[in-house]
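User: I'm new to reading protein models and would like to learn how the labels are earned. Could you walk me through this one?

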Amino acid sequence: MLATAATAATIATGVLLGVVTPATADHGTAPHRAAGPEDRLPDLQMEPLSDHRVQILEGRRVLRFTAVIANRGDGALELVGSRTSTSTEQMSVVQRISQRDGGHESVPTDAVMDYSVDDKHSHWHLQHAAEYGLRVPGEEHARVAHKEGFCLIDDVRLPGDSSGETPESADYDGCEEGLTETRTVTQGISVGWGDPYSFDVWGQWIDLTGLPLPGRYCLEATADPRGLLAETDTGNNTTTTLVDLTSHDVKVVDTEC
């Protein structure tokens, strides 16, 4: 048998574990508003996973892989985190939505940012930016889940055409690294750009403890799994890969499952 959901919450390793951490930013959020025809929204997608490998990490057997959060929408994903005091650990997040007349509209969200130091990143992360899971093919729920916070930036140009205007150079290039006392952070992903997290980055793994090996599993990754951000299509946020796992190796069987 695979590990139970309770066990998975205990053994999963990452920026966040188990249940959602409630927002503690000091000025709250407002209800989401419906997207209008004037909005140029992003479209977040998770590119196909790559660089799969099984490794021993700090005494645990883990599945590592590279993931890329992409924006193939009509407008940039731009997020502004803020807090009124440096004594507040988390920032609340406003999404700046591009308008067709060239302006922007700022819309409060339920997302939060916090400064990630324990995970060796040392900059501000958007929490619940992505979620990873591993499940038996045909089962609905992942038995091992892993929630990730990310610093969202323009890091790679995406192949192929985008439906919006793709900037030649990166518009979003950092998340206030080392600035623990800042009160505002802007991060995002431009149209036609992606933010990769390499397999060798801290936290970029799923713990295989308790899973029977060898075995065939469906590895999945989802951008914005809690639907905290406005975008054109939430139905394309997940990518899956069918893999055969052993105690020392991984083989990609199919690019979807």
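Analyst: Here we take some labels used for this predicted model and set each against its definition.

User: What makes the chain one with helix and strands, and how many of each are there?

Analyst: The secondary structure comes to one helix and 16 strands. A run of residues counts as a strand when DSSP marks at least two of them in a row, and as a helix with at least four. Helix α1, for instance, covers residues 5–11.

User: How do you know which of these elements the predictor trusts?

Analyst: Look at pLDDT, the predictor's confidence from 0 to 100. Among the elements, strand β15 (residues 238–245) has the highest mean, 98, and helix α1 the lowest, 31. Over residues 1–31, pLDDT stays under 50. Where pLDDT is low, the predicted coordinates should not be read in detail. For the chain, the mean is 83, and 83% of residues reach 70 or more.

User: Why is strand β4 called mostly covered?

Analyst: A residue is buried when its relative accessible area is under 20%. In β4 (residues 60–71), 11 of the 12 residues are buried, hence the label. In the chain, buried residues make up 49% of the 257.

User: What makes β3 and β4 a pair?

Analyst: Pairing takes at least two bridges. Strand β3 (residues 50–57) and β4 are joined by six, and they run antiparallel, so they count as a pair by that cut-off. One of the bridges sets Ile 56 opposite Arg 61. These two strands also form a hairpin with two residues between them, and Glu 58 in the turn has a positive phi of about 50°.

User: Which other strands pair with β4?

Analyst: Strand β2 (residues 44–46) pairs with β4 in the antiparallel sense over three bridges, with Leu 44 opposite Asn 71. Three bridges also join β4 to β13 (residues 205–207), again antiparallel; there, Val 62 has Asp 207 as its partner. Strand β12 (residues 193–197) is joined to β4 by five antiparallel bridges, and Val 68 stands opposite Pro 196.

User: What makes a group of residues a nonpolar core, and which members touch the most others?

Analyst: The members must be buried nonpolar residues joined through side-chain atoms within 4.5 Å. The largest such core has 42 residues, and Leu 63, Ile 69, Leu 126, Leu 134 and Leu 245 touch the most other members. Strand β8 (residues 123–135) gives the most to this core, with six residues. Beyond its neighbours within four places in sequence, Leu 134 is in contact with residues including Leu 63, Ile 206, Tyr 217 and Leu 245. In soluble globular proteins, nonpolar side chains tend to be buried together.

User: Why is Asp 51 called partly exposed, and why is His 128 called buried?

Analyst: Asp 51 has 34% relative accessibility, so the label is partly exposed, as that class lies between 20% and 50%. His 128 has 6%, so it counts as buried. Asp 51 is in strand β3, whereas His 128 lies in β8. Asp 51 has a positive phi near 55°, and His 128 has one of about 60°. Most residues other than glycine have a negative phi, and most peptide bonds are trans.

User: Where is there a cis peptide bond?

Analyst: A cis bond joins Leu 213 and Pro 214, with omega about 5°. Pro 214 lies in the loop between β13 and β14.

How values were computed
Residues are numbered from 1 along each chain as its sequence is written. This is a predicted model: local features need pLDDT of at least 70, side-chain atom pairs count only at pLDDT 80 or more; totals for chains, interfaces and linings use all residues. Side-chain values use heavy atoms; hydrogens and water are left out. Buried means under 20% relative accessible area, exposed over 50%, partly exposed in between (1.4 Å probe, protein chains only). Contact means heavy atoms within 4.5 Å.
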